[in-house]
Structures are given as structure tokens and as C-alpha cells.
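Open the model in a viewer and keep the sequence beside it. The stops below each say what to select and what is there.

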Amino acid sequence: MYPHHREREQPIFSTRAHVFQIDPTTKRNWIPASKHAVTVSFFYDANRNVYRIISVGGTKAIINCTVTPSMTFTKTSQKFGQWADSRANTVYGLGFATEQQLQQFSDKFKEVKDAARLAREKSQDKELANTALTIAAPQDLSDELQSPPVMCVNGPEDKLFRSQSADITLSSEKERIKKMLSEGSICEMNLEAELFTLQDSNSKLVAALHEANANVEQWKKQLAAYQEETDRLREQVAELEAHGGHGPSDLLKDELTQSLEELEALLKAKDEEIHILQSKKAEYHEMEHDRDEAIHRLREMEMRNSDLERRIQNTEQNLSNSLEERDRMDTEIQRAIEILDIKIFDLNDLRQSLVKLIDK
């Protein structure tokens, strides 16, 4: 019976980093593989007992590396590390935001490498055991055991052809399921990467909005204070002009006039800054709208992924029913063969009896 729950790769660790690849020409310079920080994950395949490092940028995988026991992750600085992939003939580099993230990735890389080494050793031990069993097995098998006879009778022959056709159909169904599973895995990785990007953008937008609102309120208070100071200085200048020679000297009037002009210039500059902040606030609102649209698209992709999961389950159920039908057909064919064997034996007895009667 085909299991309803399908085995597949599972993420065991994820982090965010800037991905680089070594220049294939110079083997010295780093070429950025992503414009921004992307999600880098360790995946484990329980069926094949294999560990992989995967990172998806947009619609393509920028890292698809199978971890082997011979790989080594080297920390070249406080926030940068690298390792070589001989199968892809390249060197990957990761730049992290903090030293702690680099240390966590390095520890996980060492842990996964040790697990891959243990898996390889177990696989080699199993292969040696299978080789020993093959050598110890008898080599001279009769043709009758290697290929059992197939009886061609009208009824069972038709069922045998139907069984072969069912095998071909099951093979095509398995290939289609594998393709659907791979598409579902890529969609899930794309969804995870887009979700991380949306969360990062959301936190930055919220922080920027809070800072802008705080600056606007602060500058409004300063503007009100400057306006009060300007009004006070204007009153003093008007009083000086009204009193004429009874007030301070012309030098003091010039100083007050200069201070008034400086305050007016500063007031104008603050007005311009407030207008700039208000325009930026409108841009932040547009970015929030874009974020909401992206979240909506993400939910639609999740619904499509759920629909794909449901279709895969239905296909698995149909495949299971086909396997049950094939087993039932095999049982009927075997029973028909047994009945034919009995009939042939009875006919043989009848022939011998007739021969004896003829001889008499």
C-alpha cells in the first residue's frame, strides 16, 4: 500500500545572510548572488539520508549544495564565512548581520557535516553486508526458479495484459506525483523567503513611521517656540521704533533685526523640513499598501499550495486504490492458474485411463 503521508525534505535550521560566489575567472573576487539578505536553510531528506543547504532568490535557487563530510566552513572575519562545493566547482560566501548569527551557522554546519559522515559510514556498512550476502548466496539457480512459467489461457491472459497496463499507468502516476511534490517544495521555499522579506520590510516601515511622527511633533513644538520668539522680537523692534531715541542704541536695533532675520530663515527651513517629512509619510503609506498587496498574494499562494496538497492526496488515494485492484487481479489470476492446474491433472488422469482401456 502506498502511504498517505509522503516523506520529503524538512527544514532543520534557517537564517538570513548576504550570499556571494567566488569569481570563476580570478578565483579571488566575490560576486554577489543576491541584492539583499536572503534566507539560507539546512534541509534534511529522510528517505535518502542527505543534508542540503538551500537558498532561493526570487524564482531560482542561488545555493543548492549537498553537505559532504569533506566540506569545511571557515570564518574569515567576524561576520563572514565561506565553504567550497567541489560538485558545483565554486566557493560560497555568507555575510551576516551579527557575529552571533555567523557562530550559529558555523555550529550548525559542523553538526550537519558530522551527521552526513555518520550516514555515509552506515551506508558503507550496509553495502558491505549486502555484498557479503550476495557472495554467500547460491549461484546456480534453475531456469524454472528464475522465470516461472506463464500459462496463456484466454481468461487469465487478458487479465495479465490488464496488469501490465496498470503497471505502466502506476509508473506515470508516480512520475506525476514526484513532479507535483517538487513544485510544492519550490513554492514553499519561495513563500518562506517572501514572508521573511515582508516581515523585515514591515519592521523597517514601522520604525521609520514612529521616528517620522516623533520628529514632526518635536519640530512643531520648536516651530511654535520660534514663532513666539519672532513675535516677541517684532514687538521689541516696534517699541524701539516708536520710542525713537529713548530706547537702546541703533547697534542694538541692528542686532535685534539680524536675530529676527535669522529666526525667520530658520523658521522657513523648518517649514520645508516639515513638508518633506509629510511627503515621506505619504510614501510610507504607499509602501504599506504595497506590503498589504504582497501579503494578499502570499495568502493566495498558500491557498494554491493547499489545493496542490489536496490534489496530491487524492492522487495518492487513487494510486492506492489502483494498487489494491492490481493485487486483487493478481489473486484472481493465481486462483485461475490453480484451477487450470487441477483441470490439466484431471485430463491427464483421464488420458491415462483411456490408454489403459485401449490397451485392454
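Buried means under 20% relative accessible area, with over 50% called exposed and values in between partly exposed (1.4 Å probe, protein chains only). Helices (H or I, at least four residues) and strands (E, at least two) are DSSP runs, numbered from the N terminus. This is a predicted model, in which local features need pLDDT of at least 70 and side-chain atom pairs count only at pLDDT 80 or more, while totals for chains, interfaces and linings use all residues. Residues are numbered from 1 along each chain as its sequence is written, and side-chain values use heavy atoms, with hydrogens and water left out.

Select β3 (38–45). Seven of the eight residues in β3 are buried.

Add β1 (10–22). β1 and β3 run antiparallel and are joined by seven bridges; two strands pair if DSSP finds at least two bridges between them. One bridge to look at links R16 with T39 in β3.

Next, add β4 (50–57). Six bridges join β4 to β3, again antiparallel, and V40 stands opposite S55 in β4. Four residues lie between β3 and β4 in this hairpin, and N49 in the turn has a positive phi of about 60 degrees.

Now turn to the largest nonpolar core, which has 23 residues. Such a core is a set of buried Ala, Val, Leu, Ile, Met, Phe, Trp, Tyr and Cys residues joined through side-chain atoms within 4.5 Å. Select I53, I63, W83, L94, F105 and F109, the members that touch the most others. Among the elements supplying at least two residues each are β3, β4 and α1 (99–136); α1 gives the most, five.

Finish at I63. Leaving out residues up to four places away in sequence, I63 touches V19, I53, I54, S55, W83, Y92 and L94, where contact means heavy atoms within 4.5 Å.
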